[in-house]
Amino acid sequence: MARETDGREKNVFGYLTHEFETFDQRPLGDVDSLILACLSYFQLPAEAEAARTEEGMDLRDLFRAEWLEGMTGGLWGPAGLSRLLACVAASPRMRGIRLSCYVEDLDAAREKQFSACTLRLPGGDAYVSFRGTDNTLVGWKEDFNMAFERDVPSQVSARAYLERVAPTISGRIYVGGHSKGGNLAVYAATNASPAVQERILHAYSHDGPGFLDTVLQSEPFVAIRDKIDKTLPQSSLVGMLLEQQENYQIVESNRFSFWQHDPFS
């Protein structure tokens, strides 16, 4: 992760407060991906109209005291999310990013919890960020549906979203997410059209559920496999759902058991 110095937090907050290089100076990496994956958790207010357009809005413009409670209410770790947004807004590495094409769809009847946004980096590249599991029963139920079903509603929506936003991105494409969002990112990359798939540089899954063996053996998955970057904490539970897994690397967490799923650990 970030280079270590005395007194530095060994997490995304320590990284954001000490890493000042731009993306031109150092390309997007695993820790950057985790940060951008977490930005899709925010529930944007109706007033953030620009975030729903292709042009988007500066991340710094989202950091408003009157919006924070609504943006993080009902989510895990609202204090951590608020701190993350403050650190991102102050970061020379992150502050030029624009959040765009924000969508949110919660459908209890279809057992679907889906949200995504496109984070546009200076220079034309973009990170397509898929929201992970929230605190809704629908969200958790859909997670477990992935253990025995293919093409669950959010996966289908993730592919459609990627196909829709890809033509609006002038540069390279990264896709990623934390928790279920990681699964959606890999699914979208695997099932994207060849033209879109060729433009994807990396597909990041941060402690996301795996896939059925039939998916991992499929030709589309094999085609994208070398672009997949999966990370898991030492005692991963969510990310190890399904026995079959993409290749992954283990990262250290300062939490215990299930709480290692916390991306801020």
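## Contacts along the chain

Take the contacts in the protein chain with a separation of 6 or more: residues 24 or more positions apart account for 68% of them. Keep in mind that this is a predicted model.

As for what those contacts hold together, the protein chain has 10 helices and eight strands.

## Inside and outside

Of the chain's 265 residues, 55% count as buried. The surface that the protein chain does expose comes to about 11,700 Å², and 52% of that area is supplied by carbon and sulfur atoms.

## A lysine on the inside

Now for K230, which sits in strand 7, the run covering residues 228-233. Is K230 buried or exposed? Its relative accessible area is 2%, and buried means under 20%, so K230 is buried.

What lies 2.8 Å from a polar atom of the K230 side chain? That would be the backbone oxygen of G208. So here we have a lysine in strand 7 that is buried and has a backbone oxygen 2.8 Å from a polar side-chain atom.

## A bridge between distant parts

Searching the whole structure turns up seven salt bridges. One of them pairs R83 with E9, and their closest N and O atoms are 2.5 Å apart. Where do the two partners sit in the chain? R83 belongs to helix 4 (residues 78-90), while E9 is in the segment before helix 1 (12-16). That puts the partners 74 residues apart, so to speak a link between distant parts of the chain.

How much of this pair can you see from outside? R83 has a relative accessible area of 36%, which makes it partly exposed. E9 comes in at 34% and is partly exposed too.

## Two glutamates and an arginine

R26 turns up in a salt bridge with E19, at 3.1 Å from N to O. R26 also meets E21 in a salt bridge, this one at 2.7 Å from N to O. Put together, E19, E21 and R26 are linked in a network of salt bridges.

Which of these glutamates is tucked away? E19 is buried, with a relative accessible area of 4%. E21, on the other hand, has 28% relative accessibility and counts as partly exposed. The cut-off explains the split: buried means under 20%, so E19 at 4% falls on the buried side, whereas E21 at 28% lands in the partly exposed band.

Technical notes. Residues numbered from 1 in each chain as written. Predicted model: local features only at pLDDT ≥ 70, side-chain atom pairs only at ≥ 80, totals over all residues. Heavy atoms only, no water. Helix = DSSP H or I, 4+ residues; strand = E, 2+ residues; numbered from the N terminus. Buried < 20%, exposed > 50% of the residue type's maximum accessible area, 1.4 Å probe, protein only. Polar contact = N/O pair within 3.5 Å; in protein donor to acceptor, adjacent residues only side chain to side chain. Contact = heavy atoms within 4.5 Å. Areas by Shrake-Rupley, 256 points an atom, 1.4 Å probe, with all protein chains shown as cover. Salt bridge = Lys/Arg side-chain N within 4 Å of Asp/Glu carboxyl O.
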